[in-house]
Amino acid sequence: MRLVLPASARTDVHPAPPHHGPHPDPAHLDPAHLDPGAWQTSLPVLLPIAACAAVYLVAARRAATGPRGWSRLRSASWLTGCTVLAVAVSPLPHVLAPAGATAHMVQHLLLGMFAPLALVMAAPVTLLLRTAPTTCRRRVARLLRSPALHAAGHPAGAAVLNTGGTLLVMLTPLYAATLTSPLLHHAVHLHYLAAGYLFAWAVAGPDPAPRRPGTAVRVTALVLASAVHAWLAKHLYAHAPALPPGAGDAADVRRAAQVMYYGGDIAELLLATALFAARYRRR
């Protein structure tokens, strides 16, 4: 069954004509049939992700031998986040969604919503504070108390960084610019990851945070960010192909909007579950 956005998001949008051409060869959907150069291009990003996974596991093993131990669920969450990151930066999104805007949206969801939540729930800062040398722990403590991190790590500030970046990419020529500039393309992906991590940490992270506000403030930030995300998905659907500027293919943009709308709902529900589960455990 095909999922469609609510009727309010489809005002004055004409359905795409039926496709009468040949169906794509299933072989093209097999990662083994991708150009080997595509995988080689991803190696400079995949290798650091693998290194982060290995470093975390070594630190977790060291912490597990201590008096307080270390949860295997935390380690599993970190490995899950690294795996999602690896999938996002690999050629696989372009296999699952060959069109440009749809593939970009799949990467946006993986990098900016699903991977950050899994990484945050692994409590890497807590692990670092347990296993790092004293000098490193003091530096981390100073960073956590810094005014800049306090502003960016507040749920409101993190929500602005998270949603603002997405609005900037989708509503300005920045999206088209990323298609021709690999450096800008990677910079946007890094922003998605960093902003998504900050937002997940500010809302539901188990790691220590400076002057973390109460549950009401965090829920409000999550609800407002979710509303902006849903509005943008509907706006893109209704104004394809004018938005994002430079996309060109209306059908592709509408598929991307559907991915954003429904995939975002799933990610936000998972984040809300993590928030209330943490609150329940503290009671």
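Author: On a 1 Å grid over the protein atoms alone, a pocket is an open set of points with protein on both sides within 12 Å along at least five of seven lines, a cavity is a set where a 1.4 Å probe fits but cannot get out, and a lining residue has an atom within 4 Å of a point. The model is predicted: local features need pLDDT of at least 70, side-chain atom pairs count only at pLDDT 80 or more, and totals for chains, interfaces and linings use all residues. Residues are numbered from 1 along each chain as its sequence is written, and side-chain values use heavy atoms, with hydrogens and water left out.

Reader: Which residues line the second largest pocket nearest its centre, and how many line it in total?

Author: The lining of the second largest pocket has 18 residues, with Pro124, Val125, Leu128, Tyr197 and Asp207 nearest the centre. Two or more lining residues come from each of α1, α5, α6 (134-144) and α10. The biggest contributor is α5, with 5 residues. Helices such as these are DSSP runs (H or I, at least four residues), numbered from the N terminus.

Reader: How do you know what volume the second largest pocket has?

Author: The volume is the space filled by probe spheres set on the grid points, which are joined across faces, edges and corners. For the second largest pocket that space is about 460 Å³, and for the largest pocket about 800 Å³. The largest pocket is lined by 33 residues, and those closest to its centre are Val45, Val89, His185, His186 and His189. Its lining draws at least two residues from each of α1 (36-64), α2, α4, α9 (174-178) and α10.

Reader: How do the residues of the largest pocket's lining divide by class?

Author: The largest pocket's lining has 20 nonpolar, 13 polar and no charged residues. The classes are fixed by residue name: Ala, Val, Leu, Ile, Met, Phe, Trp, Tyr, Cys and Pro are nonpolar, Asp, Glu, Lys and Arg are charged, and the others, Gly among them, are polar. The second largest pocket's lining has 16 nonpolar, 1 polar and 1 charged residues.

Reader: Why are some spaces called cavities and not pockets?

Author: The probe cannot get out of a cavity, whereas a pocket is open. The structure has 3 cavities of 30 Å³ or more. The largest holds about 220 Å³ of space. Its lining has 19 residues, and Gly112, Met113, Asn162, Phe199 and Glu268 are the closest to its centre. The largest share, 5 residues, is from α11. By class, this lining has 10 nonpolar, 8 polar and 1 charged residues.

Reader: What lines the second largest cavity?

Author: Its lining includes Leu149, His150, Trp201, Arg211 and Arg212. The helix α7 gives the most, with 3 residues, and the volume of this cavity is about 60 Å³.

Reader: Why is Ala123 called buried or exposed?

Author: Ala123 has a relative accessible area of 3%. Buried means under 20%, exposed over 50% and partly exposed in between (1.4 Å probe, protein chains only), so Ala123 is buried. Ala123 sits in the loop between α4 and α5 (124-131), and its phi is near 55 degrees, a positive value in a residue other than glycine.

Reader: What makes the approach of Ser90 to Leu92 a polar contact?

Author: The side chain of Ser90 reaches the backbone nitrogen of Leu92 at 3.2 Å. A polar contact is a pair of N or O atoms within 3.5 Å; within protein, one must be able to donate a hydrogen and the other to accept it, and residues adjacent in sequence count only if both atoms are side-chain atoms. The distance is therefore inside the limit. Ser90 is in the loop between α2 (72-89) and α3 (92-96) and, at 3% relative accessible area, is buried.

Reader: What omega does the peptide bond from Ala240 to Pro241 have?

Author: Omega is near 0 degrees, and the bond is cis. Leu243 and Pro244 are also joined by a cis peptide bond, with omega about -10 degrees. Pro241 is in the loop between α11 and α12, and Pro244 is found there too.

Reader: What makes a set of residues a nonpolar core?

Author: The members are buried Ala, Val, Leu, Ile, Met, Phe, Trp, Tyr and Cys residues joined through side-chain atoms within 4.5 Å. The largest such core has 42 residues, and Tyr56, Trp70, Leu127, Met170 and Leu236 have the most contacts inside it. The helix α4 gives the most to this core, with 8 residues. Contact means heavy atoms within 4.5 Å; beyond four places in sequence, the contacts of Met170 include His104, Met105, Leu232, Leu236 and Pro244.
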